[in-house]
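Me: I should like to learn how to read a protein structure. Might we take its features one at a time?

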Amino acid sequence: MKKQITSVSLGQNAKMAAALYLVISLPIVLVLAAILAISGQAGQALVVLVATPVVYAGVAALGTLIGGWLYNVVAARVGGFEFTTAEVKAG
């Protein structure tokens with residue numbers, strides 16, 4: 001059975017992208033902060049720990065909002081992504 005995604009939820013998708021990118025950024029930020037702390041730049045390490053995940057998640061949310069809105073505009077005119085589903089027996 002073919003199905004078509006004709007619209008996506010802007011708020012939910014942006015929230016999910018922000019959360020994913022926040023989690024993804026944490027290991028990167030910890031490594032960067034450790035490098036800065038070892039090199040004697042502890043003040044900058046604190047800024048990196050706080051600012052980077054917030055900015056990264058914010059940019060991801062904004063990008064997802066814009067991308068979702070564009071998807072909805074285009075999908076309304078030409079149709080959305082199509083995919084095929086199949087029933088699978090549990091077991």
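**Reading the fold and its contacts**

Reply: The protein chain contains two helices and two strands. Please bear in mind that this is a predicted model.

Me: Which pattern does the protein chain follow along the sequence?

Reply: Read along the sequence, the pattern is β-α-α-β. The radius of gyration of the protein chain is 20 Å, well over the 12 Å that the globule rule gives for 91 residues, so the chain is more spread out than a compact globule. Along the principal axes, the C-alpha atoms fill a box of roughly 60 × 40 × 15 Å.

Me: What share of the 91 residues is buried?

Reply: A residue counts as buried when its relative accessible area is under 20%. Buried residues make up 20% of the 91 residues here. The protein chain exposes about 6,700 Å², and carbon and sulfur atoms supply 73% of that area.

Me: Which residues form the largest nonpolar core?

Reply: The largest nonpolar core has five residues, namely Val29, Ala33, Leu36, Ala45 and Val48. The elements that give two or more residues to this core are H1 and helix H2 (42-78). H1 supplies the largest share, three residues. As for Val48, it touches Val29, Leu32, Ala33, Leu36 and Pro53, not counting residues up to four places away in sequence.

Me: Leu32 appears among those contacts of Val48. Where is Leu32 placed, and is it buried or partly exposed?

Reply: Leu32 lies in helix H1. Leu32 is partly exposed because its relative accessible area is 40%, a value between the limits of 20% for buried and 50% for exposed. Leu32 also belongs to a nonpolar patch on the surface, together with Met16, Leu20, Tyr21, Ile24, Ile28 and Tyr56. The accessible area of these residues together is about 640 Å². Helix H1 (residues 10-38) gives the most to the patch, with six residues.

Me: How many salt bridges does the structure hold, and which side chains meet there?

Reply: Side chains of opposite charge can pair when their charged atoms come close. The structure holds one salt bridge. In it, the side chains of Lys2 and Glu82 meet at 4.0 Å, N to O. This pair links distant parts of the chain, with Lys2 in strand E1 (residues 2-4) and Glu82 in strand E2 (residues 82-84), 80 residues apart.

Me: Is Lys2 buried or exposed?

Reply: Lys2 is exposed, since its relative accessible area is 64%, and the cut-off for exposed is over 50%.

Me: What share of the contacts joins residues 24 or more positions apart?

Reply: Such residues account for 77% of the contacts in the protein chain with a separation of 6 or more.

Notes:
Residues are numbered from 1 along each chain as its sequence is written. This is a predicted model: local features need pLDDT of at least 70, side-chain atom pairs count only at pLDDT 80 or more; totals for chains, interfaces and linings use all residues. Side-chain values use heavy atoms; hydrogens and water are left out. Patches are made of residues with over 30% relative accessible area and no salt bridge: like charges are joined within 9 Å, nonpolar side chains (Val, Leu, Ile, Met, Phe, Trp, Tyr) within 5 Å. Accessible areas come from the Shrake-Rupley method with a 1.4 Å probe; for residues, only the protein chains shown count as cover. Helices (H or I, at least four residues) and strands (E, at least two) are DSSP runs, numbered from the N terminus. Buried means under 20% relative accessible area, exposed over 50%, partly exposed in between (1.4 Å probe, protein chains only). The radius of gyration is taken over C-alpha atoms; the globule rule is 2.2 Å times the number of residues to the power 0.38. Contact means heavy atoms within 4.5 Å. A nonpolar core is a set of buried Ala, Val, Leu, Ile, Met, Phe, Trp, Tyr and Cys residues joined through side-chain atoms within 4.5 Å.
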